[in-house]
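Please walk through this protein chain from its overall build down to one sheet and the helices on it.

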Amino acid sequence: MKTILGINAYHGDSSACLLVGGKVVNAIEEERIIRIKHWAGFPIESIKWCLSDAKLNIQDIDYIAISRNPSAHLHKKILRTLTKIPSLSFLKSRLSNVARIGEIKSEIAAAFNVSESQIKAKIENIEHHMAHIGSSFFVSPFSNAACVTIDGFGDFVSTMRAVGKDRAIEILDWVEFPHSLGIFYSAMTQFLGFWNYGDEYKVMGLSAYGSLGFKNQMMEIVKLKDNGLFELDTSFFLHDKEGVEMVWENGQPVIGKLFSDKLVEMFGNPRETNEEISKKYQDIATSVQDVYENTFFHILNDAYKKIKVDSISLAGGCIQNSLANGKITQNTPFKHLYIPPASYDAGTAIGAAMCFWNKISTSTKTFVMESPYLGPEFKNDEIENQINLYNLSKKGCQVEFIKDETELYKKTANEISAGKIIGWFQGRTEFGPRALGNRSILVDPRRSEMKDILNQRIKRREWFRPFAPSILEEKTDEWFEQGSSVPFMEKVFKIKEEKRKLIPAVCHEDGTGRLQTVSVKMNPKYYKLIKQFESLTSVPIILNTSFNDNEPIVNTPKDAIECFLSTKIDVLVIGDFLISKVSA
Ligand SMILES: [Fe+2]
């Protein structure tokens with residue numbers, strides 16, 4: 001069976017995955033191992049883990065697929081570099097990263113302490129947006145679908161539309177540098193005082209509080225085109241002129257200022273990072289989200305007109321916008337959606353591998369990605385070793401080993417309903433940005449105070465950011481206005497009006513929740529836990545937030561125990577162990 005190592009390298013959210021015989025056997029983001037959020041660079045630890053998990057050596061790999069292609073769109077890149085903007089640091093930094101892609105074999109050989117000639121794998125470059133498409137369509141349940149990707153930039157493209165049919169992807173059109181919906185959203189995120197890489201979701205959360213007071217101005221910045229795509233008024237931005245500082249190497253990515261003085265003339269002073277979020281900034285956030293959604297639906301509706309199929313697969317950083325995703329079926333004719341658990345750049349490791357596999361394979365649909373649980377898992381004896389290493393019994397903790405699984409779920413559900421904060425660590429780590437019931441902090445959604453308690457005691461998040469509900473899949477249409485499945489927390493739905501007061505801790509300002517629907521097939525342990533909670537409380541919902549403080553989501557028992565000890569989590573349920581802080 002052919003083995004393909006897929007990687008996203010020299011870029012934010014660097015990651016690796018392994019495909020064996022056309023099936024994704026594992027995947028992980030480098031940040032989970034290195035413990036630095038959004039880590040950019042070469043994902044060597046991820047590659048090592050993927051191989052050791054599958055009991056393979058680097059010499060066993062047939063192909064290495066990377067989600068960048070130095071020759072894609074090259075004519076445009078060179079033209080721009082040579083004629084228009086020769087000193088542009090944006091382009092220079094991207095091109096120097098692209099140059100490094102040619103050094104992959106030597107980088108891997110050095111990391112594994114072998115010679116380059118011992119690595120038989122052929123390197124395959126897959127254009128960034130093709131890799132995004134592959135990360136969605138090729139692992140979707142569809143044999144024929146519209147494919148749309150939207151992000152900041154990758155290989156100098158920011159949006160691509162295509163038709164996916166069996167093992168082929170036919171590109172329809174794309175949007176090139178400097179026009180980008182992702183850059184628009186990121187620039188406005190910076191303007192609103194959020195400067196960290198990946199902070200865009202904060203603007204999405206804030207958008208529930210304002211009004212559309214700046215909508216008309218926003219529409220001057222992003223213009224819809226008759227061809228179903230869009231363009232930016234680039235005078236509001238810097239990325240195509242002075243250049244924007246970008247740091248992508250061996251650490252958290254840093255993106256310099258993206259907006260020009262003209263944006264400040266239009267909206268007044270940008271918000272300082274620690275400044276109070278006044279009504280004006282709330283209105284800007286709401287208007288940004290609205291223009292994003294209008295542009296998004298414009299792209300999708302036009303894609304439907306041209307492709308005329310009911311199914312759509314989506315990917316790209318912008319597809320993390322769960323609020324817009326939750327409105328697709330109401331605002332477009334598409335009836336069936338597929339969004340993978342990692343629609344942002346981490347997922348391109350899987351996409352690159354899948355694109356190449358579909359090139360060399362003769363079988364169609366070898367893998368449908370229904371589960372996000374692709375990372376490391378740990379047995380009870382490994383967990384026990386860590387418990388002993390940390391001497392938890394002597395640190396004021398009561399450690400119980402509960403062999404009977406029903407008993408474990410009952411006790412945990414009891415603790416949740418009593419208002420305790422639970423660290424829940426089970427099975428394989430999730431691939432993607434969301435904790436989906438294997439590396440989660442769980443609390444009672446009925447208690448309105450839990451949001452503040454979580455923020456004071458652990459998460460220290462901004463006041464306007466919502467917490468998410470996990471719900472038994474079969475109960476979704478009783479509690480939400482839409483009843484379809486949302487396995488990866490990739491959509492936001494409205495909570496039914498009459499139910500909102502019953503689950504105040506997971507109901508956002510606008511009456512929505514970014515839900516995860518949990519089925520027994522996808523996650524039996526988590527399903528049974530929620531079922532126990534329902535039998536105690538008649539509420540089939542638990543508040544689920546990621547198991548971390550401000551670091552990447554915990555990956556190993558060591559990470560979980562350290563987070564448990566350094567925060568005010570009351571109970572840690574890890575494997576079959578239930579550990580309580582006695583003094584808590
Ligand atoms: Fe991307």
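The paragraphs below take the whole chain, then its domains, then one sheet.

The model is predicted: local features need pLDDT of at least 70, side-chain atom pairs count only at pLDDT 80 or more, and totals for chains, interfaces and linings use all residues. Residues are numbered from 1 along each chain as its sequence is written.

The protein chain has 20 helices and 24 strands; these are DSSP runs numbered from the N terminus, helices being H or I over at least four residues and strands E over at least two. Its C-alpha atoms fill a box of roughly 70 × 60 × 45 Å along the principal axes. For 584 residues, a compact globule would have a radius of gyration near 25 Å, and the 23 Å of the protein chain agrees with this. That radius is taken over C-alpha atoms, and the globule rule is 2.2 Å times the number of residues to the power 0.38. Of the 584 residues, 53% count as buried, meaning that 20 or more other C-beta atoms, placed from the backbone, lie within 10 Å of the residue's own. Two residues are in contact if their C-beta atoms, placed from the backbone, lie within 7 Å. Among contacts between residues at least 6 apart in sequence, 74% join residues at least 24 apart.

The domain assignment gives domain 1 (3-73 + 85-134 + 349-360), domain 2 (136-337) and domain 3 (380-581); such bounds come from an automatic or database assignment. The C-alpha centres of domain 2 and domain 3 lie 30 Å apart. Between these two, 10 residues of domain 2 are in contact with 14 residues of domain 3. On the domain 2 side, the elements that give two or more residues are α8 (200-206) and α12 (322-325).

Next comes the sheet. Its 5 strands are ordered β8-β7-β6-β13-β14, forming an open sheet with mixed pairing; two strands pair if DSSP finds at least two bridges between them. The edge strands, each pairing on one side only, are β8 (168-176) and β14 (336-338). From one strand to the next, the twist averages 20 degrees. Strands β6 (144-154) and β13 (311-315) pair in the parallel sense over 4 bridges, and Thr-149 stands opposite Ala-315 in β13.

Helix α6 (128-137) packs on this sheet, touching β6, β7 (157-165), β8, β13 and β14, and its direction makes about 135 degrees with that of β6. Helix α7 (181-191) lies across β6 and β7 at about 45 degrees to β6. Axes are lines fitted to C-alpha atoms, for helices over the stretch in contact, and angles run from 0 to 180 degrees between N-to-C directions.

Methods
Buried ≥ 20, exposed ≤ 12 C-beta atoms within 10 Å, placed from the backbone.
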